Amino acid sequence: MADDDKKPDEGMCVGSIARLIEGQIAQTYDSVRMRQAWERILEGPTSRKVIAEALTRELSFGRYVRKVKAQPLHVHLHIAPDGDPEAIGKAMSQALNGQLRPIDM
């Protein structure tokens, strides 16, 4: 066990707080529980130095990368009445896989 993962005399250890941060980033825990946990930690006997060390450990060195929001996908197909079902299927597949460029209208 690393020195910073050992239970301090009072409060939480760096490793425990770091695991909470990691769990919140990974969305393992819901926001209500995390808010309650952070209130308990901040009001409790855990030193600011321990909290700062855990925050630094988890949020530095490229460990946390913000997820890019997925853009909504809209596919518009203009099909002739005599459209070939296989060609339609191929066009939809290409559109969904990002192989077709959007057409400005």
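In which helix is the place of E58? In this predicted model, E58 belongs to helix α3, and looking at what surrounds this residue is a convenient way into the structure. E58 has a relative accessible area of 5%, and because a residue counts as buried when that value is under 20%, E58 is buried. If its neighbours within four places in sequence are left aside, E58 is in contact with A18, I21, E22, R63 and Y64.

The next step is to look at how two helices meet. Helix α1, which covers residues 14-25, packs with helix α3, which covers residues 48-59, at an angle of about 45 degrees, and their axes lie 8 Å apart. The two helices are therefore oblique to each other, and the crossing in which α1 passes α3 is right-handed. On the side of α1 the contact is made by V14, G15, I17, A18, I21, E22 and I25, while α3 contributes V50, I51, E53, A54, L55, R57, E58 and L59. Sorted by character, the residues of this contact comprise 10 nonpolar, 1 polar and 4 charged.

From here one can turn to the nonpolar core. The largest such core holds 11 residues, namely V14, I17, A18, L20, I21, M34, W38, I41, V50, I51 and A54. Each of the helices α1, α2 (31-43) and α3 supplies at least two residues of this core, and the largest share, 5 residues, comes from α1. One member of the core is V50, which, leaving aside its neighbours within four places in sequence, is in contact with M12, C13, V14 and I17.

Technical notes: Residues numbered from 1 in each chain as written. Predicted model: local features only at pLDDT ≥ 70, side-chain atom pairs only at ≥ 80, totals over all residues. Heavy atoms only, no water. Axes fitted to C-alpha atoms, helices over the stretch in contact; angles between N-to-C directions. Helix = DSSP H or I, 4+ residues; strand = E, 2+ residues; numbered from the N terminus. Parallel < 35°, antiparallel > 145°, perpendicular 65-115°, else oblique. Left-handed = near helix turned anticlockwise from the far one by under 90°. Contact = heavy atoms within 4.5 Å. Nonpolar A, V, L, I, M, F, W, Y, C, P; charged D, E, K, R; others polar. Buried < 20%, exposed > 50% of the residue type's maximum accessible area, 1.4 Å probe, protein only. Core = buried A, V, L, I, M, F, W, Y, C linked by side-chain atoms within 4.5 Å.
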